[in-house]
Amino acid sequence: MALTSNPARPFGALLTAMVTPLTADGAVDLEAARALATWLVDHGNDGLVLNGTTGEAPTTHSPEKADLVAAVVDAVGDRATVVAGAGSNDTAHAARMAQQAAEAGADGILIVAPYYSRPSQEGIALHVEAVAEAGGKPVMLYDVPGRAGVRISAGVYERLAGHPLVVATKDATGDVAAAAGLAASTGLAWYSGDDALLLPFLAHGGAGLVSVAAHATPDAFATAIAAWDKGDTAAALAAFRTTLPAIAALNGAGFQAVMAKAAVEALGIVTGRSVRLPLVEASDAEAAAVRAGLVAAGVLASA
């Protein structure tokens, strides 16, 4: 699927930052990925983000990443945009990932500020420009200072907004006021990267949500966004509130990939919850806590 016809939402309104299913022996399970992607789109997602943090991008490798993109693109067809992560603190490596993702059929590229190295703002800008040009696809920036160690400055946002391929950002700074100003000044589509801040971001001109909890409650998030678009803020809030137990269950411990895998296993979409080290799969107790959150969110019957 190409970008949507709505420039305010170039990648759609609701995108799940999808886990990468693994077999018990740690191989990428492409059939499970197809099934999960199809389920997510059937339940309200009009976009998917692959090979991001929740997709265990640091521990999956280039051929696996490209194969995952190709499999998901084939599974969802033109029903959803597919955005592929090209995150690295090695610009040349990120550029190769962007090119490979584009060749595999991705509609867009997610570019995170280089992590660990803590480059200057000029370094961030040059990194993004190089990776964007290598991929040749529309770009969603990813500003997540809690993981990257650096925050994208207002000046760099203004600069990158002038690049023809940079069209959106996933904002995980938690700074709604700054998002409101930057969305207006740059014209970029501004997606919340924090499930809990969906409605504040929409109220401040945001485009939508790149979500973890939507692995479990996609219908409710989609309903909340649709109600907001119609001006029915009470219905939007009511739908959003049903997601709160899932948000807590999948995000609360800070191990989103681990808990999201426990959630899709509990829902019967994917078999198993294997992850790659240094992540450790959810224990039975943790999986039970996730299941309880899904029961509280109304998406799973109590045992």
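## The largest pocket

In this predicted model, the largest pocket has a volume of about 950 Å³. Its lining is made up of 44 residues, and those that lie nearest the centre of the pocket are Gly52, Thr53, Thr54, Tyr142 and Arg147. Sorted by class, the lining of this pocket comprises 20 nonpolar, 17 polar and seven charged residues.

Several helices and strands contribute to the lining, with at least two residues each coming from helix H3 (91-103), strand S4, helix H5 (145-148), strand S8 (208-211), helix H11 (244-251) and helix H12 (256-266). The largest share of the lining, three residues, is supplied by H5.

## The barrel

The strands form a closed barrel of eight, running in the order S1-S2-S3-S4-S5-S6-S7-S8 with parallel pairing. From one strand to the next, the twist averages 25°.

One of the pairings in the barrel joins strand S4 (residues 108-112) to strand S5 (residues 139-143), which run in the parallel sense and are paired over four bridges. In this pairing, Leu110 stands opposite Met140 of S5.

## Helices packed on the sheet

Helix H2 (residues 62-76) packs on the sheet, where H2 touches strand S2 (47-50) and strand S3 (81-85), and the direction of H2 makes about 165° with that of S2. Helix H4 (residues 121-135) also packs on the sheet, touching S4, S5 and strand S6 (166-171), and the direction of H4 makes about 160° with that of S4.

Strand S4 thus links the topics of this report: S4 is paired with S5, is touched by H4, and supplies at least two residues to the lining of the largest pocket.

Conventions:
Residues are numbered from 1 along each chain as its sequence is written. This is a predicted model: local features need pLDDT of at least 70, side-chain atom pairs count only at pLDDT 80 or more; totals for chains, interfaces and linings use all residues. Side-chain values use heavy atoms; hydrogens and water are left out. Two strands pair if DSSP finds at least two bridges between them. Axes are lines fitted to C-alpha atoms, for helices over the stretch in contact, and angles run from 0 to 180 degrees between N-to-C directions. Contact means heavy atoms within 4.5 Å. On a 1 Å grid over the protein atoms alone, a cavity is a set of points where a 1.4 Å probe fits but cannot get out, and a pocket is an open set with protein on both sides within 12 Å along at least five of seven lines; lining residues have an atom within 4 Å of a point. Grid points are joined across faces, edges and corners, and a volume is the space filled by probe spheres set on the points. Ala, Val, Leu, Ile, Met, Phe, Trp, Tyr, Cys and Pro count as nonpolar, Asp, Glu, Lys and Arg as charged, and the others, Gly among them, as polar.
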